[in-house]
Amino acid sequence: MRAESAVCTSQSSQQTNELMFHEYESACEQSPQCVHLKALNRVRCVRECVSPSCYMDIYQKDPLEEGEVDVRLNSFKGCFIQRLGRPR
């Protein structure tokens with residue numbers, strides 16, 4: 001029973017983290033600095049708005065390029081979750 005409880009808690013925590021990420025993402029998409037941008041520039045702006053420190057760690061040295069599949073998004077989300085509650 002304990003293992004099942006831990007799995008449920010873990011799933012609930014993951015859902016909460018995903019919801020929190022999407023709340024930040026939505027707010028940043030509507031922010032004055034990002035709302036007028038299109039395509040890749042908007043994606044970059046939103047990611048940097050969500051977490052400037054995670055953006056610097058993950059994307060700054062090797063920015064996303066047009067047409068690139070963003071294989072770093074999960075790392076970015078993980079960074080965001082780890083730093084949630086600490087200065088972004």
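Trainee: What share of the 88 residues in the protein is buried?

Mentor: The buried share is 26%. Buried means under 20% relative accessible area, exposed means over 50%, and partly exposed lies in between (1.4 Å probe, protein chains only). Keep in mind that this is a predicted model: local features need pLDDT of at least 70, side-chain atom pairs count only at pLDDT 80 or more, and totals for chains, interfaces and linings use all residues. Residues are numbered from 1 along each chain as its sequence is written, and side-chain values use heavy atoms, leaving out hydrogens and water.

Trainee: How many helices and strands are there?

Mentor: Four helices and zero strands, running α-α-α-α from the N terminus on. Both are DSSP runs numbered from the N terminus: H or I over at least four residues for a helix, E over at least two for a strand.

Trainee: Now the rings. How many aromatic pairs does a search of the whole structure find?

Mentor: Five.

Trainee: Why is the pair of Phe21 and Phe80 called edge-to-face?

Mentor: Rings of Phe, Tyr and Trp (its six-membered ring) pair if their centres lie within 6.5 Å; planes under 30 degrees apart are stacked, over 60 edge-to-face, and the rest tilted. Here the centres are 5.4 Å apart and the planes stand at 80°, so edge-to-face is the right name. The pair also links distant parts of the chain, with Phe21 in helix 1 and Phe80 in helix 4 (residues 73–83), 59 residues apart. Ring pairs join Phe21, Tyr24, Tyr55, Tyr59, Phe76 and Phe80 into a cluster.

Trainee: How do you know whether Phe21 is buried or exposed?

Mentor: Its relative accessible area is 2%, so Phe21 is buried. Phe80 also counts as buried, because its relative accessibility is 2%.

Trainee: And Ala39, buried or exposed?

Mentor: Ala39 has 54% relative accessibility, so Ala39 counts as exposed. Ala39 lies in helix 2 (residues 39–50) and has a positive phi of about 50° although it is not a glycine.

Trainee: What is the nearest side chain of opposite charge to Glu25, and how far away is it?

Mentor: Arg47, 4.8 Å away; Glu25 is buried yet has no salt bridge. Lys and Arg count as positive, Asp and Glu as negative, with His and the chain ends not counted. A salt bridge needs a side-chain nitrogen of Lys or Arg within 4 Å of a carboxyl oxygen of Asp or Glu, so Glu25 and Arg47 miss the cut-off.

Trainee: Which residues does Glu25 touch, not counting those up to four places away in sequence?

Mentor: Glu25, found in helix 1 (residues 2–29), touches Val46 and Val50; contact means heavy atoms within 4.5 Å.
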